[in-house]
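This briefing covers two topics: charged pairs and nonpolar cores. Please look over the sequence and the structure before reading on.

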Amino acid sequence: MAQRSVSTVDIVLEIDDTQFIKCELKRHLSPKTVGKITRALPLRGNAHFLGKSAVYFETSIESGTERTKNIFKKGDIAFLPVGKMICFFYSDTKVGKALTPIGRMIDNVEKLSDIKSGSELQFYLETGA
């Protein structure tokens, strides 16, 4: 498992087998939720939109709320327990529901604004150095 520290897990978000966004899950943000997501990897789903600021895909992960917030910045990653969704924010926003923050996208965040509804998303451990 590629890691820079005990509290950070390096992840890749892959879009339609052609585009890649480096991400990191941060255990200190929400230890239980990040642990459940990490153990469930790899994850796969179809892209949907959360307003005009985020892309999400549904998972089978069961986790309650943890250290929730409703204001997110460009590049944030969060988990919405209702619907079991992992959300990727490509612009700053305030959402109506409280989500559990789980990490950040490191690069290529702008690629999210080009995603089409239904695009295939894959979320997996980064194995390269």
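Glu62 is exposed, its relative accessible area being 54%, which puts the residue over the 50% cut-off. In this predicted model, the side chain of Glu62 forms a salt bridge with that of Lys84, with 2.8 Å from N to O. Lys84 is partly exposed, at a relative accessible area of 26%.

**Salt bridges**

- The count of salt bridges comes to six.
- The bridge between Glu62 and Lys84 links distant parts of the chain, as the two residues are 22 residues apart.
- Glu62 sits in the loop between S5 and strand S6 (69–72), while Lys84 belongs to the loop between S7 and S8.
- Lys69, Asp76 and Arg104 are joined into one network by salt bridges that share partners.
- Another salt bridge pairs Glu126 with Lys22, and their closest N and O atoms are 3.8 Å apart.
- This pair also connects distant parts of the chain, with Glu126 in the segment after S10 and Lys22 in strand S2, 104 residues apart.
- Glu126 counts as buried because its relative accessibility is 16% and the cut-off for buried is under 20%.
- Its partner Lys22 is partly exposed, with a relative accessible area of 43%.
- Lys26 and Glu24 form a salt bridge through their side chains, at 3.4 Å from N to O.
- Lys26 and Glu24 are both buried.

**Largest nonpolar core**

- In soluble globular proteins, nonpolar side chains tend to be buried together.
- The largest nonpolar core has 27 residues, and the members touching the most others are Ile37, Ile86, Phe88, Leu112 and Phe123.
- At least two residues of this core come from each of several elements, including helix H1 (31–40), strand S2 (19–26), strand S5 (54–58) and strand S9 (93–105).
- Strand S1 (8–15), strand S7 (76–80), strand S8 (85–89) and strand S10 (120–125) likewise each supply at least two residues.
- S1 provides the largest share of this core, four residues.

**Contacts of Ile37 and the other core**

- Which residues is Ile37 in contact with, leaving aside its neighbours within four places in sequence?
- They are Leu25, Leu43, Ile61, Phe79, Ile86, Ile102 and Phe123.
- Apart from the largest core lies another core of ten residues, among them Tyr56, Phe72, Ala78 and Phe89.

How values were computed:
Residues are numbered from 1 along each chain as its sequence is written. This is a predicted model: local features need pLDDT of at least 70, side-chain atom pairs count only at pLDDT 80 or more; totals for chains, interfaces and linings use all residues. Side-chain values use heavy atoms; hydrogens and water are left out. A nonpolar core is a set of buried Ala, Val, Leu, Ile, Met, Phe, Trp, Tyr and Cys residues joined through side-chain atoms within 4.5 Å. Buried means under 20% relative accessible area, exposed over 50%, partly exposed in between (1.4 Å probe, protein chains only). Contact means heavy atoms within 4.5 Å. A salt bridge is a side-chain nitrogen of Lys or Arg within 4 Å of a carboxyl oxygen of Asp or Glu.
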